[in-house]
Amino acid sequence: MTLVKEAPARPAQKRSAAPVAGRRGRRRENLAGYLFMSPWIAGFLLLTAGPMIASLYYAFTSYNLFTPPKWVGLDNFTTMFQDPRWQKSVEVTLKYVVVATPLKLLLALGVALLLAQKRRGQSLYRAAFYMPSLIGASVSVGFVWRALFSDNAVVDRTQKVFGLDVGGWIGNPDYVLYALVALSIWQFGAPMVIFLAGLKQVPQELYEAAEMDGAGPFRRFWNITLPMISPVLFFNVLLESIHAFQVFGSAYVVSDTRCGPADATLVYTCYLYQKGFKEAQMGFASAMAWTLVIAVALVTAVLFWSQKKWVHYEEAAK
Amino acid sequence: MPENRNVERRTILKAAGASAAALGLAATTGCGGDSGAGDGNVTLRYAWWGGEPRTIAIKKTIALFEKKYPKIKIKPEFTDYESYWEKFQTQASGGNPPDVFQNAVGFLRKYDKRGVLLDLKSQADAGNLSLDNFRNGVLANGQVDGKQIAVPVGANTMSLVIDLKAFKKAGVEAKFGWTWDEYFAALQQIQDKLKIAGDTGYFAIMYLYDLYLRQNGKAFFTDTDLGFTEDDVTQWWEDGYKRVKSGLVADPKKIEQVKPKSGLSAGLAASEFTWDNFSIRYQGEGDSDYGLAPIPTTDGKDTGQYLGSLMLSAFSGTKHPKEAAQFISFMVHDPEVGKIMGYDRGILATTEQYDAFKPTDPNNKGVSAYEDEVAKAGVLGKITPHPSGADVIEAAFLRIGGEVAQGKTKPADAAKALFSEAKAAFAG
C-alpha cells in the first residue's frame, strides 16, 4: 500500500535529487515485486516449466519409468502416426471437437440472448444456468451421466416412448460419444456468461435506429448483434475448442476408465493417459502430448488468421 | 528518503518472509509419511486392491498384527484393481512403493525385471519368514528364476458360475468332463427354453482362453512370448462372434450397460466364466441362486486348470526388510488372520489358516467344495509363466475381444492388432 501511495511523488524526487538513488529505488521496488511473486515463480519453474522441458526430452526417448530414458530420435513420432489406435483417438477427438463446440456455443448464445432481456428473477435464472459449469468438472457428474444414459435408464426409456430403441448410449459404440457431447453441452454456463457480458456492450441506439428503419428481430440479430459481439464469439470459439481438444475426465469416467466400448470414447488424452500410466510408455505419451500442443497451436493460429474475415472490432481499436 | 528506504526494506523483508513461509509450507506437506524411527518403532506401508469387505477384513488383521508386534506400525493403502497398478507403477518408478503389497502372477516378472521385488529367500533363511506348510504346491506361484519374490495368501482356479435356477428350468446339467460342444448345446437349450443368452462373453477372458489352449497342448504365454498363433485366436474370436450374433452369448452392449454389475447377476445370461473366489459377489448382486460348475473340456478330461494366487511381495528397497518379512509371515500363517479373511482372496494358502477357517455360509462352502472337487479330479496343472508385459496384454485381449463382439473389428484384424500390441508390451 505504501508503495502505491508514494509512487506519484517519485518522479519529482528523481529529477531534483539523485537519479542514481531513483534507479536504485526502482530496482528495490522490482525486487520486492519479484519476492512477492517468488512462490508463484518457484511453482511455475518446478511444476510447469521443468516438467514441460523434461517431457519434451522424453518425447525423443524410450522411457518405461524404471530404466533411464534411451534416446530414439523421432521413433515415437513415426510409430505414433502408424498406430491404428492413435489414429482412432485423433478421429474420435476431432469428431468430439467438431460436434460439441458449435452446439455448446449455440446453446450458450441462445440462452444468453434470452437472459439478456430484463425480466423478474433474472439473476436466479443466470445462476441456475451457470451452475452446471461449476460442478461440471467433477467425477460425480460423470457417474450421473453414466446412470442417465445406461440401458433402461431415463434417456433410454424416454427414447422408447418415441419408438427409438437403441438400448442406452453407454454400451453402444455408435452412440456413447454423443453422451459425452451432451455432457459438454450441458456445461454451457461459462461461455454463456461471457456472451451475456458481450450483449450488454451492444449500444441500444443501434437497435432503435434499425427498428426505425423497419428491421425485424432476425435482421437486427444478424446485422447488429452478431457483428457487435463477434470479438466475444471469437474468444469463446477459441477457448471452447482448445478446451474440447483436452477433454479427459468425462470420457474416462463415463467409459469406466477404459475409454470404450470398442474404443468409441478413446479421446486423445485418454489414449495418452493409457500409454503413459497403464503401459508405462512415457516417451510415447510425451510425444503424443507435444503433438497435441502443436495441433492446438495450429488450430489457434488458423482461428486468429480467420478472425480478420469475421471479427469486427470497434472503430477506436483500428 | 531514509524513511522511505526503511519502508522498502520492511516490505522486502515481508515479501521474503511470506514467500519463505509459503515454500516452507509446501515443503512440509511434501515430505509427510516417513515415520519417526527414533524410538525403535518401525512403520510399514501395506497396499492392496479390492472391495470394501476385503478392506474391512484386512484392517482387522492389521490390528491383530500391531497388537502382537507393538513396535511395528502398519499404514494401509488401498484402491480398486484398476487404479492400484497405475498408482503402484508411479510409486515404484519414483522409488517409493509400499513396503509390503498385494501382487499377482501377471506382474511378477514385470516388477522383478525392474528390480522392485525383494527376494524373500534371504529373509526366510534368517528366520523372519516361514515358507513351510503351503498347500498344493502354491508356493511355487511366487517363484521366478529361483527367487521367492512373492508369497501366496490364497489359491483359486477358473470356474464357470451358473444361474442354478435357469439351468434347472432349461433342464441342462453341468457335469464334470463335459466338452465345449456339450457346453454350447446347453447354451442353445437355455436360449430355446428361457429366451435368454447362455454366456456373458467368454471369448474376451484371457485366463479362459489360456485354459482352452492348455487343453490343446499350448498356453497363452511362454517364458517370453505368446504361446499361440494369429490363426488360433482368429478362430477363437470368429466362433465367439458367431455366438453373439446367434444370441447364444449375451449382447455386449447390454453387458456394458449393467457394469459394474455382472451380466450374470443382472439376468442377461445364465453363466459366466470367472475365478471361483469371485463367485461370492453374485449372491449379493443378483436375484437368483448361483453355483460353481466345471470348466468344459476338449477331450472329456483335461480342463487345463491350475491354482492361481493372490500374493504378498515386499519392496527390494525397503528400509525394514526384516519387519516386512515378519509381517508377511504373520499374514499368511497366523490362524486368526485366516479366520478373519476367509476365502476372500482364494482358498487359504497355508495349512494353519486353512484348518483354522471352517466356512459356514453356502458361498464359501461352495468355493471350498469346488476346489476340493477339482483337486480330487486330478486335473490341476502347473501355472504357466507370465512374461513381463502380461498385464498390458491381458487388457488388450479384453479390449480387442470386446471390439470383435461389438462387430467393430474383424477377427483376423483383431488378431493382428493383438500380436502387434503384444510385441510392444514385451519390448517395454
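What follows is a walk through the predicted model above, from its confidence scores to its helix contacts and a few backbone details.

Let us begin with how far the prediction can be trusted by its own scores. The model has an ipTM of 0.84 and a pTM of 0.85. Chain A has an average pLDDT of 87, and 91% of its residues score at least 70. The N-terminal stretch of chain A, residues 1–17, falls below 50, and the model gives this stretch 16 contacts beyond near neighbours in sequence. For chain B the average pLDDT is 89, with 91% of the residues at 70 or above. Residues 1–7 of chain B are below 50 in pLDDT, and that stretch has eight contacts beyond near neighbours in sequence. A further stretch of chain B, residues 22–38, also stays under 50, with six contacts beyond four places in sequence. Please keep these stretches in mind as you look around.

Now turn to chain A and find helix α13, residues 230–245, together with helix α16, residues 282–310. Their axes lie 11 Å apart, and the two helices pack at an angle of about 165°. An angle over 145° counts as roughly antiparallel, so that is how α13(A) and α16(A) are related. Their crossing is right-handed. From α13(A), the contact takes in A:Ser230, A:Leu233, A:Phe234, A:Val237, A:Leu238, A:Ser241, A:Ile242 and A:Phe245. Facing them from α16(A) are A:Leu292, A:Val296, A:Val299, A:Thr300, A:Leu303, A:Phe304, A:Gln307 and A:Trp310. By type, the residues of this contact are twelve nonpolar and four polar, with no charged ones. The spacing of the numbers along each helix is worth a glance. An α-helix has 3.6 residues a turn, so residues three or four places apart point the same way.

One of the contact residues deserves a closer look. A:Ser230 belongs to helix α13 of chain A and has a relative accessibility of 2%, so it counts as buried. Leaving aside residues up to four places away in sequence, A:Ser230 touches A:Trp310, A:Val311 and A:His312.

A second helix pair in chain A is formed by α5, residues 84–116, and α15, residues 268–278. Here the axes come within 8 Å and cross at roughly 150°, so α5(A) and α15(A) are again roughly antiparallel to each other. On the α5(A) side the contact is made by A:Arg85, A:Trp86, A:Ser89, A:Val90 and A:Thr93, and on the α15(A) side by A:Tyr268, A:Tyr271 and A:Gln274. These residues divide into four nonpolar, three polar and one charged.

Just before α15(A) in the chain there is a backbone feature to look for. A:Pro261 sits in the loop between α14 (249–254) and α15 of chain A, and the peptide bond joining A:Gly260 to A:Pro261 is cis, with omega about 5°. Elsewhere in chain A, A:Leu65 has a positive phi of about 80° although it is not a glycine. Both features stand out against the usual pattern: most residues other than glycine have a negative phi, and most peptide bonds are trans. A:Leu65 is found in the loop between β1 (61–62) and β2 (70–71) of chain A. Its relative accessible area is 13%, so A:Leu65 is buried.

Over in chain B, helix α8, residues 206–215, is a good place to start. Nine of its ten residues are buried, so α8(B) is largely enclosed by the rest of the structure. Those buried residues are B:Met206, B:Tyr207, B:Leu208, B:Tyr209, B:Asp210, B:Leu211, B:Leu213, B:Arg214 and B:Gln215. Among the elements of chain B that cover them are the helices α4 (105–113), α7 (180–194), α9 (230–245) and α16 (390–405), along with the strands β7 (158–163) and β9 (269–275). After α8(B) comes B:Gly217, with a positive phi near 80°.

Chain B also has a non-glycine residue with positive phi: B:Asn133, at about 65°. B:Asn133 lies in the loop between α5 (121–125) and β4 (143–144) of chain B. With a relative accessibility of 41%, B:Asn133 counts as partly exposed.

Our last stop is B:Gly51, in the loop between β1 (42–49) and α2 (52–68) of chain B. B:Gly51 is partly exposed, at 41% relative accessibility. From B:Gly51 to B:Glu336 the separation is 285 residues in sequence and 21 Å in space, C-alpha to C-alpha.

Technical notes
Residues numbered from 1 in each chain as written. Chains lettered and ligands numbered in written order. Predicted model: local features only at pLDDT ≥ 70, side-chain atom pairs only at ≥ 80, totals over all residues. Heavy atoms only, no water. Helix = DSSP H or I, 4+ residues; strand = E, 2+ residues; numbered from the N terminus. Buried < 20%, exposed > 50% of the residue type's maximum accessible area, 1.4 Å probe, protein only. Axes fitted to C-alpha atoms, helices over the stretch in contact; angles between N-to-C directions. Parallel < 35°, antiparallel > 145°, perpendicular 65-115°, else oblique. Left-handed = near helix turned anticlockwise from the far one by under 90°. Contact = heavy atoms within 4.5 Å. Nonpolar A, V, L, I, M, F, W, Y, C, P; charged D, E, K, R; others polar. pLDDT = per-residue confidence, 0-100.
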